[in-house]
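User: I'd like to learn how to read a protein model. Could you take me through this one, a question at a time?

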Amino acid sequence: MEFLSEEMIYQKTPQELTAFLYEGLIENLEQAMTLIEKKDYIESNKKLQKANDILHRLGVGLKYEAGPIAEQLDRLYNFMADELVAANLKKDTGKIQGVLKIVGEIASAWSIALKKTPNPTQKINRKVAAYESSIMRINQ
């Protein structure tokens, strides 16, 4: 996961920040599993708490007016958060692996969607060009 300064964060789109959160979530889950296997339960606890915090932030960022997908993601985030709490209590890497699989699929889909989404500045430039051409027709 790349290091981001506060200035760099402000330059990212909300979609890029969401991708960054998924990346951080995956990284923390993988580290927690490794730490549990090494029996470093204090550090694994910190990683799982951080992962739960990221899930909470993802849930807070949902736009419910977007439709049923937001509600379904909210349910998924809550399910994964519950699974991580249970995994942390029992030091169960199987539960973490299950959450990691779900997050991996969501992150992959998000990444594909990001690549297919047009650049917002391109969209604005097209609108400006359309507006300018219609103005030119009116003035002629």
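**Reading the model**

User: Is K39 buried or exposed?

Analyst: Let's start with the scale: buried means under 20% relative accessible area, exposed over 50%, and partly exposed in between (1.4 Å probe, protein chains only). K39 has a relative accessible area of 60%, so it counts as exposed.

User: What is the mean pLDDT of the chain?

Analyst: This is a predicted model, so local features need pLDDT of at least 70 and side-chain atom pairs count only at pLDDT 80 or more, while totals for chains, interfaces and linings use all residues. Residues are numbered from 1 along each chain as its sequence is written, and side-chain values use heavy atoms, leaving out hydrogens and water. The score, pLDDT, is the predictor's confidence in each residue, from 0 to 100. Here 78% of the residues reach 70 or more, and the chain's mean pLDDT is 85.

User: Which element has the highest mean pLDDT?

Analyst: Helices (H or I, at least four residues) and strands (E, at least two) are DSSP runs, numbered from the N terminus. At the low end of the elements is helix α6 (residues 120–139), with a mean pLDDT of 51. The highest mean, 97, belongs to α3.

User: Where does K39 lie, and what is its phi?

Analyst: K39 sits in the loop between α2 and α3, just after α2. It is not a glycine, yet its phi is positive, near 65 degrees.

User: Which loop holds K91, another residue with a positive phi?

Analyst: K91 is not a glycine either, and its phi is about 55 degrees. With a relative accessible area of 25%, it is partly exposed. Its loop is the one between α4 and α5.

User: How many Å does α3 reach from its first C-alpha to its last?

Analyst: The expected span of a helix is 1.5 Å times one less than its number of residues. For the 20 residues of α3 (41–60), that gives an expected 28 Å, and the helix comes close to it, reaching 28 Å.

User: Why are the buried residues of α3 on the same side of the helix?

Analyst: The buried residues of α3 are S44, L48, A51, N52, I54, L55, L58 and G59. The arc here is that of the directions from the helix axis to the C-beta atoms. They share a side of α3 because they cover an arc of only 155 degrees.

User: Which helices do those buried residues pack against?

Analyst: On the other side of α3, I42, H56 and V60 are exposed. Contact means heavy atoms within 4.5 Å. The buried residues of α3 pack against α2 (14–37), α4 (68–90) and α5 (93–116).

User: Which residue shares a polar contact with N88?

Analyst: N88 is in helix α4 and is buried at 13% relative accessibility. A polar contact is a pair of N or O atoms within 3.5 Å; within protein, one must be able to donate a hydrogen and the other to accept it, and residues adjacent in sequence count only if both atoms are side-chain atoms. At 2.7 Å, the side chain of N88 is joined to that of N45.

User: Which residues make up the aromatic pair?

Analyst: Rings of Phe, Tyr and Trp (its six-membered ring) pair if their centres lie within 6.5 Å; planes under 30 degrees apart count as stacked, over 60 as edge-to-face and the rest as tilted. The structure holds 1 aromatic pair, and it is edge-to-face, with 6.3 Å centre to centre and 65 degrees between the planes. Its partners are 88 residues apart, in helices α2 and α5. They are Y22 and W110.
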